[in-house]
Each structure stands twice: as structure tokens, then as C-alpha cells.
Amino acid sequence: MVKIVEARLVLGMLRDQGYKNSSYAIGELVDNSIDAGAKEIRIGIGTEDIYKNQRYSENISAIGTYDDGHGMNRETLERCLVMGLSVKGEHEKNNEQDSDLGKYGIGLKGATFGFCKRVDIYSWQDGNKPLHTYLDYDEAFDTNSDEVEVPKETNIPDKFQHFVADKLPPSGTLVVWTKLDRIRPRKAPTLLDHLNKDLCRIFRHFMDDDDNLGTRRNITATYFNPQKQGVETKTLRANDPIYLLKPNNTPGYEDEATNELLKNEKKIGRASCRERV
């Protein structure tokens, strides 16, 4: 008997499959939070000062997503890092129908190792202590191990406290990427700009007031530098290509739809993109 795949081969494939940019990879984590029924989703960007070429540069050192969804039990948490196993069935049990994501069990792992070498996952339910598991590319590659760490009860470590709320909700999940050797861009303000453009377009129907195509979620992005104690939080709003959704991220018109269909009324619009029928 031989294994169908070798761990090194699978990990290398994940590293090289490619994502358009970091926003699309982070979107895989947001997908999972939406599938888990989360109402509050926080994207955290941790930075640190790196001394290089005789000067300090503030680069991204960790990226995390935190949500108040239904969380994962021990069995589900263990499966979520196994290639080809999906937790979609667990979402269906909880009547989560906003999306049909995570079908083949590739997204989380592919997004992770396309941009970093380690993922830590903490998840909890019913007010219990978080369970933790992780997958480290270097460890798995060096040993050619095809096994995932068994989840263990633990507290969320101090170094990741910036990613979560002061008081944890009864259930939820925290996913943290570290060893970010392929992340682009490397500056937090630039990544925030990319999220505001790409992520807010992909998930625009979860950010507007109309729940027909997706129940609204409160999605925020925060970046911080533990060395400086600096924090900046931005509420992400819909980036709507046809300017019909609100609230949106159009500068100066965040709370109005600037592209309207006007019927039986003659009206001169302020925005050049306004349609008249």
C-alpha cells in the first residue's frame, strides 16, 4: 500500500497554485466566516518594525480573521486543515444558506500557503475554552508528515489578542496567518486600500442595506503595530461597480446610490453616471 499523495507534493502545489492578490486569499477566510453564520467579521493586520538596509521599515507580520459565527467542535476543527475534507456539511446542519462555499476543502489551505507558511486556528462553542490546531509548512515539509495536529484546549495567546474582541462571544473562530513570506503588498495601509477595492467588490452584497442577495454583515479591517500600540480601524463598505448599493465606499457619496433609475420623472442628476428611462 502506498499513499495517494505525498505531503510535500501537496504542500508545494498549494504554494504554487496562485491567487490574483492577497485580497482574494483573505476573501477565502471571509467566505468561511459567512458560511459559519457570522454577523461580525474582523480582519486584523499586524505589523512590526524591521531593520533592513540601515533603516526601519514597518511590514505586515500577521493577518487574522475573527468572527462570531457558530464555531467548530473538535472533530470539525481537526478536519478543516485536511486536504479534500470540507466542513460544508456542518454549515448545512446549522441552516447557513447565504453561500455555497468550501465545497471541496481546498480554499483555506490554498489561500494560506499561497502567501504564508503557518496558519493557527482557534475555535470555540457554547462559551467553552477555545480549541487550537495549526499547520506549519516547514514542519510538515521537513518530516513529510501527512497528519494534522490534534486540537487542544487553550487560551488565545497574548500575541494574538489584538485580533479579537475584549470579551469573546459564546462561539466564534480566529484564523491567524504568520510566516508571511509571500504576502503582497507588505505595507498595511496599502493592503487596506486593496481590501477596500477588491474585497469590498467581491462581498458587496453582504455590506449593503439590501439583504436579497446576502444578509448584511459588519466587516471591519484593523491594522496595528504592537511595538507602537497604534491601531486604525476601517469599516468596509460595498464597492459597487454600478453604483446602486448603499452604504458604499464612493468618496463623498457613501450613504447614497449615485446611479438611479428614474421613471416618469424628469430630474437632473448630480452624478454623471445617472441613468434616465
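## Helix α7 and its buried residues

Helix α7 has a set of buried residues: Ala188, Leu191, Leu192, Leu195, Asn196, Asp198, Leu199 and Cys200. Keep in mind as you look at them that this is a predicted model. Leu195 deserves a second glance, since α7 bends by about 35 degrees there.

How far apart are the end C-alpha atoms of helix α7? They are 20 Å apart. The helix runs over residues 188–202, and at 1.5 Å a residue its 15 residues should span 21 Å, so the two values agree.

## How α2 meets α7

Helix α2, made of residues 22–35, packs against α7 with the two axes 9 Å apart and an angle of about 55 degrees between them. That angle makes α2 oblique to α7. The crossing of α2 past α7 is right-handed.

Just ahead of α2 you can find Asn21, in the loop between α1 (7–16) and α2. Is Asn21 buried or exposed? Its relative accessible area is 17%, and because buried means under 20%, Asn21 counts as buried. A polar atom of the Asn21 side chain lies 2.9 Å from the backbone nitrogen of Ser23.

## The loop between β6 and α7

Now follow the chain through the loop between β6 (172–178) and α7, where Pro185 has its place. The peptide bond leading from Arg184 to Pro185 is cis, with omega near 0 degrees.

Lys179 is found in this loop too, between β6 and α7. Although Lys179 is a residue other than glycine, its phi is positive, near 55 degrees. With a relative accessible area of 35%, Lys179 is partly exposed.

## The loop between β8 and β9

Another loop to explore joins β8 (230–235) and β9 (261–262), and Asn259 sits in it. Asn259 has 7% relative accessibility, so this residue counts as buried. What lies 3.0 Å from a polar atom of the Asn259 side chain? The partner is the backbone oxygen of Ile242.

Pro247 also lies in the loop between β8 and β9. Here is another cis peptide bond to look for: the one from Lys246 to Pro247, with omega near -5 degrees.

## Asp49 and Asp126

Two aspartates round off the tour. Asp49 is found in strand β1, which covers residues 40–52. Its relative accessible area of 23% makes Asp49 partly exposed. Which distance separates the C-alpha atoms of Asp49 and Asn59? These atoms are separated by 6.4 Å, while the two residues are 10 residues apart along the chain.

Asp126 lies in the loop between β3 (118–124) and β4 (131–136). Is Asp126 buried or exposed? Asp126 is exposed, with a relative accessible area of 69%. Asp126 is not a glycine, yet its phi is positive, at about 55 degrees.

Definitions and conventions: Residues are numbered from 1 along each chain as its sequence is written. This is a predicted model: local features need pLDDT of at least 70, side-chain atom pairs count only at pLDDT 80 or more; totals for chains, interfaces and linings use all residues. Side-chain values use heavy atoms; hydrogens and water are left out. Helices (H or I, at least four residues) and strands (E, at least two) are DSSP runs, numbered from the N terminus. Buried means under 20% relative accessible area, exposed over 50%, partly exposed in between (1.4 Å probe, protein chains only). A polar contact is a pair of N or O atoms within 3.5 Å; within protein, one must be able to donate a hydrogen and the other to accept it, and residues adjacent in sequence count only if both atoms are side-chain atoms. The expected span of a helix is 1.5 Å times one less than its number of residues. The bend at a residue is the angle between axes fitted to the seven residues ending there and the seven starting there. Axes are lines fitted to C-alpha atoms, for helices over the stretch in contact, and angles run from 0 to 180 degrees between N-to-C directions. Angles under 35 degrees count as roughly parallel, over 145 as roughly antiparallel, 65 to 115 as roughly perpendicular and the rest as oblique. A crossing is left-handed if the near helix is turned anticlockwise from the far one by less than a right angle, and right-handed if clockwise.
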